[in-house]
Amino acid sequence: YDPDFLVDNGIRWVAAQSIWQGRKKSSSNQKARDSYLRRLIEAYYDRGIAVFLWGFPWAGREDEFVNHIMNQANNVNAMGVILDIETGYYPGKNGYSKGETDKKAQYLVDRSLETARRHGFKVGFCGPSQVGNFPNYPWLAFGRLDYAVPMMYASDCCYPRVFFKSSYEGY
């Protein structure tokens with residue numbers, strides 16, 4: 001988006017995609033280039049808009065994810081990172097049991113926090129907007145991160161106002 005448009009509409013931060021992992025190493029592993037992100041970040045920073053790198057990690061591929069997103073965030077001078085925990089940490093859908101997913105989530109959080117602290121930035125997460133509808137997610141592990149961003153899809157906007165309130169309170 002045009003930075004002026006964002007500023008004119010009160011937007012003070014954005015998330016730019018860094019990495020999107022799939023279940024298998026060979027599948028759906030999209031990575032943004034540093035050169036592209038540097039240009040984007042410069043344009044936004046010049047207008048006072050903070051940029052966080054966003055990534056979609058997959059359970060079982062934590063080391064690859066953390067190494068990529070944290071190094072890239074440092075290289076391009078991002079404000080921090082956001083881990084999108086949707087399918088990659090949904091027990092069963094990710095190919096792991098609840099117990100295995102919990103352990104992998106804990107490992108992802110530990111590695112992310114350790115690396116973020118070393119680089120001097122914060123790390124948070126986003127995920128399903130209605131926490132109560134997803135009791136099997138490893139919420140306790142991700143709750144140790146620095147911040148949470150309730151994620152809403154366009155279809156979520158059709159829900160009554162109580163939907164947004166319960167989402168905020170859930171996080």
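Two strands are said to pair if DSSP finds at least two bridges between them, a criterion that applies to the first of the following close-up views, which are taken from a predicted model.

**View A. Pairing of strands β3 and β4 in the predicted model.** Strand β3 (residues 50-56) and strand β4 pair in the parallel sense, with 4 bridges between them. Among the residues involved, Phe52 has Gly80 of β4 as its bridge partner.

**View B. The surroundings of strand β4 (residues 80-84).** Because 5 of the 5 residues of β4 are buried, the strand is largely enclosed by the rest of the structure. Gly80, Ile82 and Asp84 point one way from β4, whereas Val81 and Leu83 point the other way, and the residues of both groups are all buried.

**View C. The crossing of helices α3 (residues 62-76) and α4 (residues 98-119).** The axes of α3 and α4 come within 10 Å and cross at roughly 25°; angles under 35 degrees count as roughly parallel, and the two helices are therefore roughly parallel to each other. The crossing in which α3 passes α4 is right-handed. On the α3 side the contact is made by Glu62, Asp63, Phe65, Val66, Asn67, Met70, Asn71 and Asn74, and on the α4 side by Lys104, Tyr107, Leu108, Arg111, Ser112, Thr115, Ala116 and His119. Sorted by class, this contact comprises 6 nonpolar, 6 polar and 4 charged residues.

**View D. Ser112 and its contacts.** Ser112 lies in helix α4 and counts as buried because its relative accessibility is 0%. When neighbours within four places in sequence are left aside, Ser112 is in contact with Val66, Met70, Leu83 and Val123; of these, Val66 and Met70 belong to the α3 side of the helix contact, and Leu83 is one of the buried residues of β4.

Notes. Residues numbered from 1 in each chain as written. Predicted model: local features only at pLDDT ≥ 70, side-chain atom pairs only at ≥ 80, totals over all residues. Heavy atoms only, no water. Axes fitted to C-alpha atoms, helices over the stretch in contact; angles between N-to-C directions. Parallel < 35°, antiparallel > 145°, perpendicular 65-115°, else oblique. Left-handed = near helix turned anticlockwise from the far one by under 90°. Contact = heavy atoms within 4.5 Å. Nonpolar A, V, L, I, M, F, W, Y, C, P; charged D, E, K, R; others polar. Buried < 20%, exposed > 50% of the residue type's maximum accessible area, 1.4 Å probe, protein only.
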